[in-house]
Amino acid sequence: MNAQLKTDKLSIILSMACVAHCLFMPSFLILGSGFLAISLDNELIHKILLIMVAPISIYALISGYKNHKIFSYLYIGASGLLFLTVAAILGEGTLGEFYVKGLTLLGSSIVAYVHFKNYQT
């Protein structure tokens, strides 16, 4: 159970990192454009975050289900991960920036909420 609590916390932190990236990265790039000589690939960052978030989140959701038998947390969390996966795989080239940000914010918020509820239970 201790590992489940730690992975729930970590999943919440990583989900909030996705939200922060979506909301604040454009402002950071505009403000720091004179200082940055490199270009950060937004699509790559989404994929890297997803690769970190998905296994930890899945482990925490399954562990939480085994501990308290609340199936709704498992499938709601899976839907949040699905939104994140669709946004990362299809990307801005297919969906456009608006929809990628929307799916990422929605998916991250769902994942963070479910892990918070999972942690509380």
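Modeller: Before we look at this predicted model, let us agree that two residues are in contact when they have heavy atoms within 4.5 Å of each other. By that rule, and leaving aside its neighbours within four places in sequence, Ser 11 is in contact with Ile 56, Ser 57, Ala 60 and His 115.

Biologist: Where does Ser 11 lie, and why is Ser 11 called buried?

Modeller: Ser 11 lies in helix 1. Its relative accessibility is 1%, and the word buried is used for values under 20%, so Ser 11 counts as buried.

Biologist: Ser 57 appeared among the contacts of Ser 11; which residues is Ser 57 itself in contact with, leaving aside its neighbours within four places in sequence?

Modeller: Ser 57, which lies in helix 2 (residues 42-68), is in contact with Ser 11, Leu 81, Val 111 and His 115, once those sequence neighbours are left aside.

Biologist: What makes Ser 57 a buried residue?

Modeller: The relative accessible area of Ser 57 is 0%, and because the limit is under 20%, Ser 57 is buried.

Biologist: How do you know that the side chains of Ser 57 and His 115 make a polar contact?

Modeller: The two side chains are 2.5 Å apart at that contact, and the rule asks for a pair of N or O atoms within 3.5 Å, one able to donate a hydrogen and the other to accept it. The pair of Ser 57 and His 115 is accordingly listed as a polar contact between side chains.

Biologist: Let us turn to another residue of helix 1, Gln 4; why is Gln 4 called buried?

Modeller: Gln 4 has a relative accessible area of 2%, and since buried means under 20%, Gln 4 is buried. Not counting residues up to four places away in sequence, Gln 4 touches Ala 60, Ser 63, Gly 64, Asn 67 and Asn 118. The C-alpha atoms of Gln 4 and Tyr 59 are separated by 7.6 Å, although the two residues are 55 residues apart along the chain.

Biologist: And what makes Tyr 99 an exposed residue?

Modeller: Tyr 99, in helix 4, has 53% relative accessibility, and exposed means over 50%, so Tyr 99 counts as exposed.

Biologist: How many aromatic pairs are there?

Modeller: The count comes to three aromatic pairs. One of them joins Tyr 65 and Phe 71, with 5.8 Å centre to centre and 75° between the planes.

Biologist: Why is the pair of Tyr 65 and Phe 71 called edge-to-face?

Modeller: The ring centres, at 5.8 Å, meet the requirement of lying within 6.5 Å, and because planes over 60 degrees apart count as edge-to-face, the angle of 75° gives the pair that name.

Biologist: Then why is the pair of Phe 71 and Tyr 75 called tilted?

Modeller: Phe 71 and Tyr 75 are 5.6 Å apart, centre to centre, with 50° between the planes; since stacked needs under 30 degrees and edge-to-face needs over 60, the pair is tilted. Being four residues apart in helix 3 (residues 71-95), Phe 71 and Tyr 75 are separated by about one helical turn. Tyr 65, Phe 71 and Tyr 75 form one aromatic cluster.

Biologist: Why do Tyr 65, Phe 71 and Tyr 75 count as partly exposed?

Modeller: Tyr 65 has 30% relative accessibility, Phe 71 has 47% and Tyr 75 has 48%. Partly exposed is the class in between buried, under 20%, and exposed, over 50%, so Tyr 65, Phe 71 and Tyr 75 count as partly exposed.

Biologist: How do you know that the charged end of Lys 69 sits over the ring of Tyr 65?

Modeller: The charged end of Lys 69 is 5.9 Å from the centre of that ring, and the rule asks for a distance within 6 Å, together with a position within 35 degrees of the ring normal. The charged end of Lys 69 is thus listed as sitting over the ring of Tyr 65.

Biologist: Which residues touch the most other members of the largest nonpolar core?

Modeller: Of its 15 residues, they are Leu 50, Val 53, Leu 61, Leu 81, Leu 84 and Val 114. Helix 1 (2-31), helix 2, helix 3 and helix 4 (97-120) are the elements that give two or more residues to this core.

Note on methods: Residues are numbered from 1 along each chain as its sequence is written. This is a predicted model: local features need pLDDT of at least 70, side-chain atom pairs count only at pLDDT 80 or more; totals for chains, interfaces and linings use all residues. Side-chain values use heavy atoms; hydrogens and water are left out. Buried means under 20% relative accessible area, exposed over 50%, partly exposed in between (1.4 Å probe, protein chains only). Rings of Phe, Tyr and Trp (its six-membered ring) pair if their centres lie within 6.5 Å; planes under 30 degrees apart count as stacked, over 60 as edge-to-face and the rest as tilted. A nonpolar core is a set of buried Ala, Val, Leu, Ile, Met, Phe, Trp, Tyr and Cys residues joined through side-chain atoms within 4.5 Å.
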